[in-house]
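Reader: I would like to go through this structure term by term. Please set each value against the criterion behind it.

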Amino acid sequence: MRISVLPLTFAAALLAGSAHAEGEGRYRMEKTETGFVRLDTASGDVSLCREQDGQIVCRMAADERAAFEKELELLTKRVEALEKGGATSLTDAKPSLPSDEEIDRTMSIMEKMMQRFMGIVKNLEDGEEEAVPGKAAPQKT
């Protein structure tokens, strides 16, 4: 007798919520005609298990296995693409230095910022010199 995985997955989701809420262990085993169904109550994953040579051997359900293999294939393709792209970009890429115009423009902007900052500092220092001990410093409007 073949067990359909879709009803098992739905049942597993229902059991996962109730088993986890009752404080039972992470995995729950249910006996079937051909072996066991193992439910991961934390994630809802379902595995089909059989007893072989005195041990219980579990395998992912068919739809989970297909999803796992698809994800593995996608990751393998991404790694291959990164390895190919990384090898060429490391050898071909040279850092480009800014042009003289870009350096001059940047320095001009920095110079203006420093002049304004120093003006603010000078104004603050002048304000402190005008303050008389025991009296408030004059406020500028």
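Author: Buried means under 20% relative accessible area, exposed means over 50%, and partly exposed lies in between, with a 1.4 Å probe and protein chains only. By that criterion, buried residues make up 12% of the 141 residues in the chain. The model is predicted, so local features need pLDDT of at least 70 and side-chain atom pairs count only at pLDDT 80 or more, while totals for chains, interfaces and linings use all residues. Residues are numbered from 1 along each chain as its sequence is written, and side-chain values use heavy atoms, with hydrogens and water left out.

Reader: Why is Met 60 called partly exposed?

Author: Met 60 has a relative accessible area of 36%. Partly exposed is the class between buried and exposed, and therefore Met 60 is placed there. Met 60 lies in strand β4 (residues 55-60).

Reader: What makes Met 60, Phe 68 and Leu 72 a nonpolar patch?

Author: A patch consists of residues with over 30% relative accessible area and no salt bridge (a side-chain nitrogen of Lys or Arg within 4 Å of a carboxyl oxygen of Asp or Glu). Nonpolar side chains (Val, Leu, Ile, Met, Phe, Trp, Tyr) are joined within 5 Å, like charges within 9 Å. Met 60, Phe 68 and Leu 72 form such a patch on the surface, with about 270 Å² of accessible area together; areas come from the Shrake-Rupley method with a 1.4 Å probe.

Reader: How do you know that β2 and β3 pair?

Author: Strands (E, at least two residues) and helices (H or I, at least four) are DSSP runs, numbered from the N terminus. Two strands pair if DSSP finds at least two bridges between them. Strand β2 (residues 36-40) and strand β3 (residues 46-52) have 4 bridges in the antiparallel sense, so they pair by this definition. Val 37 stands opposite Leu 48 in β3.

Reader: What joins β3 to β4?

Author: The antiparallel strands β3 and β4 are joined by 6 bridges, and Cys 49 stands opposite Cys 58 in β4. Their hairpin has 2 residues between the strands, and Asp 53 in the turn has a positive phi of about 50°.

Reader: Why is the charge of Lys 31 said to sit over the ring of Phe 36?

Author: The criterion asks for NZ of Lys or CZ of Arg within 6 Å of the ring centre and within 35 degrees of the ring normal. The charged end of Lys 31 is 5.0 Å from the centre of the Phe 36 ring and sits over that ring. Phe 36 is also the bridge partner of Lys 31 in β2.
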